[in-house]
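Thanks for coming. I have one structure to go through this morning, and I will start with the pocket, then take the ligand, then a few backbone details.

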Amino acid sequence: MDDKFSPVGSQVKKITTHVLKAMKQAGEKISMLTAYDFSMAQIIDQAGIDIILVGDSASNVMAGHETTLPITLDQMIYHASSVIRGVKNSLVVVDLPFGSYQGNSKEALTSAIRIMKESGAHSVKLEGGREIKESVERIISAGIPVMGHLGLTPQSIYKFGTYAVRAKEEEEREKLKEDAKLLEEAGCFAIVLEKIPAHLAKEVSESVEIPVIGIGAGGGVDGQVLVLHDMLGITQEFSPRFLRRYNNLHEQITMSVQAYINDVKTQDFPNSKEQY
Ligand code: KIV
């Protein structure tokens, strides 16, 4: 691996929350992608990704639900333990799913402990600011690293009513800035900012010492995250402005499967060398 692409100029290294903080201090951008299964996690870990998020976007891209709300804690633990078996160096963060932490801080801690114990993950992510402060503090006091998530928080989609850009108005902007400070004070090791104006994300990133990872939040933050299935072009309908597609796997998989079907039908496969 080229030194240029390794954390804080070292050789390939196991990523910890401390390494991430050092990366921010050194001005080295943090790369983060989602994964939900062993094979993909192994590929992106070996490719050198810093953080793997077992996102509740599994509800959309793996299970085919319209929102992230239906996925359960048991299902997140299943995805997380599959990912963990494929990972050697990346830091693995797991979303606490909707309904597993909003009730009270005791429930939040119980859910976070289940994720850590049953999957072997390294940290958890929760959506929200001051509303979940007590839960964040309680989870951290149990020794579990927490990543925050502000801006567009998909678990609250029925409250927002749309997936449009958040924090364009003064009141929401001020709340977001206060929430970021509050999450830092509560002990979060990083914060995801989703779909907010780039100038606001930059301001937040400069106002806190912990890394700020953006998705649809511009280039002024400390790192970027995308959903793996979106950036690989497996999903097709979802095309927000912030999404850069690095492949068109939907087309490539379709062509491969069609070639296979054709080979089976024409009896080209298997040939004499492909049998015993
Ligand atoms: O679930 C997810 O994939 C996420 C990212 C969009 C940050 O939370």
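The largest pocket is lined by 31 residues. Nearest its centre lie S57, N60, V227, D230 and F238. Keep in mind that this is a predicted model. The volume of the largest pocket comes out at about 700 Å³.

Which secondary structure elements each supply at least two residues of that lining? They are helix α3, residues 58-61, and two strands, β6 at 190-194 and β8 at 223-226. As for the chemistry of the lining, 12 of its residues are nonpolar, 10 are polar and 9 are charged.

Now the ligand. Where does the ligand sit? In the largest pocket, the one I have just described.

The residues around the ligand are T34, L53, G55, D56, S57, D95, K125, H149, E194, I215 and V227. You will recognise S57 and V227 from the list of residues nearest the pocket centre; both also belong to the ligand shell. E194 is in the shell too, and its number falls within the range of β6, 190-194. Sorted by class, the shell holds 3 nonpolar, 4 polar and 4 charged residues.

Next, the polar contacts of the ligand, taking three side chains in turn. For K125, an N or O atom of the side chain is 2.9 Å from an oxygen atom of the ligand. For D56, the distance from a side-chain N or O atom to a ligand oxygen is 3.0 Å. For D95, the corresponding value is 3.1 Å. How much of the ligand's accessible area does the protein cover? On its own the ligand has 260 Å² of accessible area, and the protein covers 95% of that.

Last, the backbone. Three places are on my list.

One is a cis peptide bond, which joins F269 and P270, with omega about -5°. P270 is in the segment after α11, the helix at 249-265.

Q267 also belongs to the segment after α11. Its phi is near 65°, a positive value, and the residue is not a glycine.

The remaining place is K195, again a residue other than glycine with positive phi, here near 50°. K195 lies in the loop between β6 and α9, the latter being residues 198-207. β6 is the strand we met earlier, as one of the elements that line the largest pocket.

That is what I have on this one.

Definitions and conventions
Residues are numbered from 1 along each chain as its sequence is written. This is a predicted model: local features need pLDDT of at least 70, side-chain atom pairs count only at pLDDT 80 or more; totals for chains, interfaces and linings use all residues. Side-chain values use heavy atoms; hydrogens and water are left out. A residue is near a molecule or strand if one of its heavy atoms lies within 4 Å of it. A polar contact is a pair of N or O atoms within 3.5 Å; within protein, one must be able to donate a hydrogen and the other to accept it, and residues adjacent in sequence count only if both atoms are side-chain atoms. Accessible areas come from the Shrake-Rupley method with a 1.4 Å probe; for residues, only the protein chains shown count as cover. On a 1 Å grid over the protein atoms alone, a cavity is a set of points where a 1.4 Å probe fits but cannot get out, and a pocket is an open set with protein on both sides within 12 Å along at least five of seven lines; lining residues have an atom within 4 Å of a point. A molecule sits in a cavity or pocket if more than half of its atoms lie within 2 Å of its grid points. Ala, Val, Leu, Ile, Met, Phe, Trp, Tyr, Cys and Pro count as nonpolar, Asp, Glu, Lys and Arg as charged, and the others, Gly among them, as polar. Grid points are joined across faces, edges and corners, and a volume is the space filled by probe spheres set on the points. Helices (H or I, at least four residues) and strands (E, at least two) are DSSP runs, numbered from the N terminus.
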